[in-house]
Amino acid sequence: MKATAIKQFTATMSGRVFRCKEGDALEADAKTIGQLEAIGLVTTKSVRKPKTTRKAADND
Amino acid sequence: MINTSIGLIGVALQADKATAASAPEYVHGLTGGQVFKLDRTVESDDVSCGVRAGTDSHIESIVPGADFDTYGYADALPEYFYGAMGSIASAASSETGYYDHTITLGDLLPYFTVWGRIGGEYTKVAGCKVSELEMEFEGNSPLQFGVTMLGIAATMGLASIPGSIDPSCFDGYYIPTGGTFKIDTASGTPAVAPVTKGSLTLDNACSAIALAGQVTPGDIEEGKLTSSGSVTVKPDDLTLYKKMVTGSGSGTTPTGVMVYGSFEWTFTHSKDSKCALVVSATNVPFTADFPEVDPAGGAAEIEFSFDNIGVAEAAGSPVTITVTNKVEEYVS
């Protein structure tokens, strides 16, 4: 299951370490994503990239 | 002489089971208990050998660990909660320089190395897991914690606790004073109530795995997490009791349908107003005795107790603990 980090965080869920910055995509099992989503660190809804990020990506 | 007033404990998260930490990440004081414990089982050999007495004994097993009581020190506390629950997530708090650590149920428990000091004696136990973590509060007394750890490898006769970290005991601890205490016995949304005391025990039912030819454990394995405890209230009326028994504050007859309640305790810190500790649960199967008559009088107290908080969804956690402190993260 995929999700997007809402804010910068470090987490250990079921022995796996997640280090994410805001906007990072992460993939894990549904339970782990559910736990991170429940405490407001990630969202499974599609996140619109910040304008600056999109512009930088377009230039790549 | 071993001066029992000189006690200290150090703890560090291990990278894995086999790799003991080299020095503590946190060092703090304690209010009692044992910084080093050996559950040593000695069995007498049942042999008849021509005399009316036994002959030998043998050591069946040795399980090292630590079993101590302490206050809630802001930096070390999330480490123990993480050890008891299994998952931790850290993110910047709304206050600059402070971080929120949210601890929830995880499938695996981490390993710790624990150093102890009593008088001039120093010890170390590696490969520890948190078997049981108890917390309790009453009135304005500092929040009390009891930590029981089981480990794999024990060492005595150390020259000191390695490293040069200042003990956390000089930086204050979590207290109920100025905190907020909420409970509801029939919903997941607790409300402020006249709570007098409370307790929570997180029991992982850890056991030491004995291997043939080895007296110390091959591993420490955790079982099912049981979250039990109580919230004691001096209520103005029987609403909380009626909600628990009937499902509604205006109910009149007991229901056979299980009614789940919730609680949320917010603690403050004795020296840092930006540090906080929040303990909450939203699927609590409360039970309580109807208050007793007392000819001497006084307000009735009702103790709402719970034996085993379950989860309402796959990603749920029986208890959620959020600690705000100055430590950025606990995962190395």
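Buried area, as I will use the term, is the accessible area, taken with a 1.4 Å probe, that two parts lose on being put together, summed over both. With that in hand, let me turn to the structure above, which is a predicted model, and in which chain A and chain B bury about 1,400 Å² between them, with 49% of that area lying on carbon and sulfur atoms.

I will stay with this interface for a moment. Chain A brings 17 residues to the contact and chain B brings 19 residues. Eight residue pairs are in polar contact between chain A and chain B, counting pairs in which both residues have pLDDT 80 or more. On the side of chain A that touches chain B, strand E2 (9-13), strand E3 (16-20) and helix H1 (30-38) of chain A each supply at least two residues, and the largest share, five residues, comes from E2(A). Sorted by character, the residues on that side of chain A are seven nonpolar, seven polar and three charged.

E2(A) also pairs across the chain boundary, since four bridges join E2(A) to strand E5 (residues 86-92) of chain B, with the two strands running antiparallel. Within that pairing, Phe9(A) stands opposite Ala91(B).

Turning to charge, the rule finds two salt bridges across the interface of chain A and chain B. In one of them, Asp107(B) meets Lys31(A), and the closest N and O atoms are 2.6 Å apart. Over all chains, the count of salt bridges comes to nine. The pair I have just named runs from Asp107(B), in the loop between E6 and strand E7 (112-118) of chain B, to Lys31(A), in helix H1 of chain A. Asp107(B) counts as partly exposed, at 46% relative accessibility, and Lys31(A), at 24%, counts as partly exposed as well.

A word on chain A by itself. Chain A has two helices and five strands, and from the N terminus on its elements run β-β-β-β-α-β-α. Of the 60 residues in chain A, 33% count as buried. Among its contacts between residues at least 6 apart in sequence, 40% join residues at least 24 apart.

Now to chain B, where I would begin with helix H1 (residues 77-85). Is this helix enclosed or open to the outside, or, put in terms of the residues, how many of the nine residues of helix H1 of chain B are buried? Nine of the nine are buried, so the helix is largely enclosed by the rest of the structure. Among those buried residues are Leu77(B), Tyr80(B), Phe81(B) and Met85(B). Just after H1(B), Gly86(B) takes a positive phi of about 110°.

A second positive phi is found at Ala205(B), near 45°, in a residue other than glycine. Most residues other than glycine have a negative phi. Ala205(B) lies in the loop between strand E13 (195-203) and strand E14 (207-211) of chain B, and Ala205(B) is partly exposed, with a relative accessible area of 45%.

Next, some strand pairing in chain B. Strand E20 (residues 320-325) is joined by five bridges to strand E6 (residues 99-105), antiparallel, and by five bridges to strand E18 (residues 276-284), also antiparallel. Towards E6(B), Asn325(B) is the bridge partner of Tyr99(B), while towards E18(B), Thr324(B) stands opposite Ala276(B).

Strand E19 (residues 302-306) of chain B shows two faces, a covered one with Ile302(B), Phe304(B) and Phe306(B), and an uncovered one with Glu303(B) and Ser305(B). In a regular strand the side chains alternate between the two faces of the sheet. Five bridges join E19(B) to strand E16 (residues 226-233) of chain B, the two running antiparallel, and here Ile302(B) is the bridge partner of Val233(B).

I will finish with two salt bridges inside chain B. Glu264(B) and Lys182(B) meet through their side chains at 3.9 Å, N to O; Glu264(B) sits in strand E17 (residues 261-269) and Lys182(B) in strand E11 (residues 174-184), 82 residues apart. Glu264(B) is partly exposed at 25% relative accessibility, and Lys182(B) is partly exposed at 23%. The other pair is Asp272(B) with Lys326(B), where the closest N and O atoms are 3.9 Å apart, and this pair connects the loop between E17 and E18 of chain B to the segment after E20, 54 residues apart. In this pair Asp272(B) counts as buried, at 14% relative accessibility, whereas Lys326(B) is exposed, with a relative accessible area of 55%.

Key: Residues are numbered from 1 along each chain as its sequence is written. Chains are lettered from A and ligands numbered from 1 in the order in which they are written. This is a predicted model: local features need pLDDT of at least 70, side-chain atom pairs count only at pLDDT 80 or more; totals for chains, interfaces and linings use all residues. Side-chain values use heavy atoms; hydrogens and water are left out. Two strands pair if DSSP finds at least two bridges between them. Contact means heavy atoms within 4.5 Å. A salt bridge is a side-chain nitrogen of Lys or Arg within 4 Å of a carboxyl oxygen of Asp or Glu. A polar contact is a pair of N or O atoms within 3.5 Å; within protein, one must be able to donate a hydrogen and the other to accept it, and residues adjacent in sequence count only if both atoms are side-chain atoms. Ala, Val, Leu, Ile, Met, Phe, Trp, Tyr, Cys and Pro count as nonpolar, Asp, Glu, Lys and Arg as charged, and the others, Gly among them, as polar. Buried means under 20% relative accessible area, exposed over 50%, partly exposed in between (1.4 Å probe, protein chains only).
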